[in-house]
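User: I would like to go through this structure and see what stands behind each label. Please set the values against the cut-offs as we go.

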Amino acid sequence: MATRGSGFSRTQTRGGKPCKNTFHKIRQGQVTGEGLTRGSQIPVALLEERDKRAQWQGIPVLLRRLHESSHPNSDLSKIHSMVMELSSLLSMEAMSFVTEERKMPQESISPNTYTFDLFGGVDLFVEILMRPTLTVQPNPPTMSDDLIKDCLSVLYNCCICTEGVTKSLAAREDFVMFLFTLMSNKKVFLQTATLIEDILSVRKEIIQLEEIPNLDSLVQSFNQQQLANFCRILSVTISEPDVGVDDKHTLLARSTQQKTSTCPSRAENNQVALLNIPGFIERLCKLATRKVTEATGASARLELEDWHSWLDNALVLDALMQLAIEEAEQSSTESSDESSLSSSPLRHRLPQSMKIVHEIMYKVEVLYVLCVLLMGRQRNQVHRMLAEFKLIPGLNNLFDKLIWRKQPSGHVLHRQNQSCDCSPEISFKIQFLRLLQSFSDHHENKYLLLSGQELNELSDIYLNANIFEMEALNNTDRNLVCDGKKGLLTRLISVMKKEPIDSSFRFWQARAVESFLRGTPSYADQVFLLRRGLLEHILYCIIDSGCKSHDVLQSYFDLLGELMKFNIDAFKRFNKYVTTEEKFQMFLTQINSSLVDSNMLVRCIVLSLDRFENETKDVKVVEVFSECRLLSYMAQVENRLLFLLRLISIINVQTLTQENVSCLNTSLVILMLARRRGKLPLYLSALREKEYSEKYPGCLLNNFHNLLRFWQHHYLNKDKDSTCLENSSCIPFTYWKETVSVLLGSGRSSRCAIATYIDEPYRDLDRDFMELSLETERTLFTSQTHHAYGYNS
């Protein structure tokens, strides 16, 4: 197998070039397919002669002997000693590579592994593994489990230490599918799963799960631990290649990509394949919610900053692997409770903190798979299953004891976008929060995050406000909600209020709570959270805490917007907290520091102002309106115009992403409300005046015209996006479309058309933004790298 071109300096000797020539001939043969292609073709005498000078450690000779002893009719049990000898020569290099955290494989660091690969060792071991499946003999040779394990370990070590080996194995479709069949053997499951995960991570194309032989029966044969490990493999097969960097893709690029592929992707097909496996989702729910034995006393808790030391210790790694093997052997006593494994001698030797980390690492993988499925096309089907199998009540029961245990005082918090390796416990928390966000977002099952007592509280809020209950609340099956007095949502708010101010957990916590409020505004949902002091806490974080994290502040702006939208009680509470002009100016400073982050809050204030101005007969509304600094500020047309100007200025068609497209929609909301009141010409005239005062006539309005053309291209074919716009703004989508059409009108006589306000010399309205950006987007897609996990905002 060829992995490098040339430059094997360690093979050269002071007296000449024979060893270098040997390498060169093999490399040349591997490239051309002619002449020498593997070491087994070289005479043994020559190999032995060159071995000492080249420091090959006898590897070529061993491979030659192994090749001669592993023909189709040979007794494979007799080759095990040679495999073990080769394994011992490679394993130390792999261990050194992993423990010293090297970034790239280097020949000088792993000479034995490079020699093994150069002389055809990788190809030979693949042949040995697959040989029993390729023979036509009625009684094919059998391989012992130990021999299979050693062969798999050797191949994995080569993947770690030798550049190109993993990609070469990934390109062999027959070998990849063969590895999946090995997973049915519980004795070799762990080694097989590890190698498969490494191989799939470098494949350019996602495998199709349906092509795995007997997929259903294979998955159903896994015990719970194996299923959790299998989720690590599934995460690569069900995630789109660009998950995790979605916000970095321009919407124009994504639109171009979607045009070229209208059929479901392989990842989507794989999600369907998994959902069709009987009992699959139910078992994942059991894994996610099963309890882990808690030891008493602080000594049992794993210090998170020391987790690398635990996992880098070879003895601990071996212990964990052996633990998994022992658990696999006890699969006949299949149970979702760890008590079934209490008889394992090894479990008594492992510290309790390591057992907890062991369980947490399982749960991270399971929650990830469930989260991806919740965001897929089969979302409603997944929702029904997760509700039926009581995932949310189960997680609620784990919240205090496992999910959000008290953090060690010395723990250095991981922050959003910080380059570091997350501990299992931090990863678990973030994945848990992402799951809650996906579960609640625009779905009526969000009320399962509450307890029965809390559902009663919501009903009372509706009753006291003389408002009809939301249908989703009325339809909630109370047998599926959280047990006890507090549901997951209330627990989440409690820990969020105690979290250090710049903790990245705050970002994910706020996103999870915000998702509960998304969609059509619900007065009762808002009041439920207002009663728990959420608004005051958010304002403290924005105004008084000194928080510097843009990610955290953005998440709080978004959450505050959903919490206050159309809710006069929330504005009254805001006024009680922001009691001084100094505080109010600090609040405005935070908003203006980044409109991309805060524009959703600006949209909420503008929408609420418009509604309150139409409720002049409501005494409470009139009272709050007269006292609230925030409403008074936004009621001034010049302030709304200033926001509009800045929102249009900070985006253009080529830079629109899923993150900043909200700026375009917020600018549209401002203009739609102006149109309702017959003031659209006033706003457009103000934009034109601003252009001329800044001496760039046409620039702003031409840009806005292009943005609105793209808006039509993007939203008129997006059912979900258009529904979200309508529900969140309470403005019919037909009015959105009408307003955009009016603004894009071509008639010079229309006082509501953008073109009317651009003088002829500066008009540039017909440019094809799709063609102009094509070259830019090609460059973008070429440079994109594979990502299996991330946040989809």
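**Labels and their grounds**

Analyst: Phe-175 is a good place to begin. Beyond four places in sequence, Phe-175 contacts Val-126, Leu-129, Met-130, Leu-155, Leu-169, Leu-195 and Ile-199. Keep in mind that this is a predicted model.

User: What makes a residue in the largest nonpolar core stand out, and which residues have the most contacts inside it?

Analyst: Contacts inside the core set them apart: Phe-116, Phe-125, Phe-175, Phe-180, Met-183, Phe-432 and Phe-587 have the most. That core has 226 residues. Its largest share, 13 residues, comes from helix α19, residues 352-374. Membership requires a buried nonpolar residue joined through side-chain atoms within 4.5 Å. In soluble globular proteins, nonpolar side chains tend to be buried together.

User: Why is the pair of Phe-571 and Phe-612 called edge-to-face?

Analyst: Two values decide it. The ring centres are 5.5 Å apart, and the cut-off for a pair is 6.5 Å. The planes stand at 90°, and edge-to-face begins over 60 degrees. Both conditions hold, so the pair is edge-to-face. A search of the whole structure finds 16 aromatic pairs.

User: What makes this a link between distant parts of the chain?

Analyst: Phe-571 belongs to helix α30, residues 568-577, and Phe-612 to helix α32, residues 595-613. The two are 41 residues apart.

User: How do you know whether Phe-571 is buried or exposed? And Phe-612, buried or exposed?

Analyst: Buried means under 20% relative accessible area. Phe-571 has 0%, so Phe-571 is buried. Phe-612 has 2%, so Phe-612 is buried too.

User: Which residues form an aromatic cluster with Trp-404, and what lies over the face of Trp-404?

Analyst: Phe-399, Phe-432 and Phe-505 form one aromatic cluster with Trp-404. Lys-429 lies over the face of Trp-404, 5.2 Å from the ring centre. The distance limit for a charge over a ring is 6 Å, so 5.2 Å meets it. Lys-583 offers another case: its charged end sits over the ring of Tyr-577, at 4.2 Å from the centre.

User: Why is the contact of Asp-558 and Arg-511 called a salt bridge?

Analyst: The closest N and O atoms are 2.9 Å apart. A salt bridge needs them within 4 Å, so this pair qualifies. Asp-558 lies in helix α29 and Arg-511 in helix α26, residues 504-517. They are 47 residues apart. Asp-558 has a relative accessible area of 11% and is buried. Arg-511, at 5%, is buried as well. Both residues belong to a network of salt bridges that also links Asp-441, Glu-514 and Arg-518. The structure holds 30 salt bridges.

User: How do you know that the length of helix α29 agrees with its number of residues?

Analyst: Helix α29 runs over residues 550-564, which is 15 residues. At 1.5 Å a residue they should span 21 Å. The end C-alpha atoms are 21 Å apart, so the two values agree.

User: Why is α29 called largely enclosed by the rest of the structure?

Analyst: Because 14 of its 15 residues are buried. After α29 comes Phe-566, whose phi is positive, near 65°.

User: Arg-232 and Glu-365 form a salt bridge. Which of the terms buried and partly exposed fits Arg-232, and which fits Glu-365?

Analyst: Arg-232 has 31% relative accessibility, so Arg-232 counts as partly exposed. Glu-365 has 15%, which is under 20%, so Glu-365 is buried. Their closest N and O atoms are 2.9 Å apart. The pair joins helix α12, residues 224-237, to helix α19, with the two positions 133 residues apart in sequence numbering.

User: Why is Tyr-762 called partly exposed?

Analyst: Tyr-762 has 39% relative accessibility. Partly exposed lies between 20% and 50%, so the label fits. Tyr-762 is found in the loop between α40 and α41.

User: What does Tyr-762 touch beyond its sequence neighbours?

Analyst: Tyr-692, Pro-697, Gly-698 and Asn-702. Pro-697 is 65 residues away in sequence, yet the C-alpha atoms are 6.6 Å apart.

How values were computed. Residues numbered from 1 in each chain as written. Predicted model: local features only at pLDDT ≥ 70, side-chain atom pairs only at ≥ 80, totals over all residues. Heavy atoms only, no water. Phe/Tyr/Trp six-rings, centres within 6.5 Å; stacked < 30°, edge-to-face > 60°. Helix = DSSP H or I, 4+ residues; strand = E, 2+ residues; numbered from the N terminus. Buried < 20%, exposed > 50% of the residue type's maximum accessible area, 1.4 Å probe, protein only. Lys NZ or Arg CZ within 6 Å of the ring centre and 35° of its normal. Contact = heavy atoms within 4.5 Å. Expected span 1.5 Å × (residues − 1). Salt bridge = Lys/Arg side-chain N within 4 Å of Asp/Glu carboxyl O.
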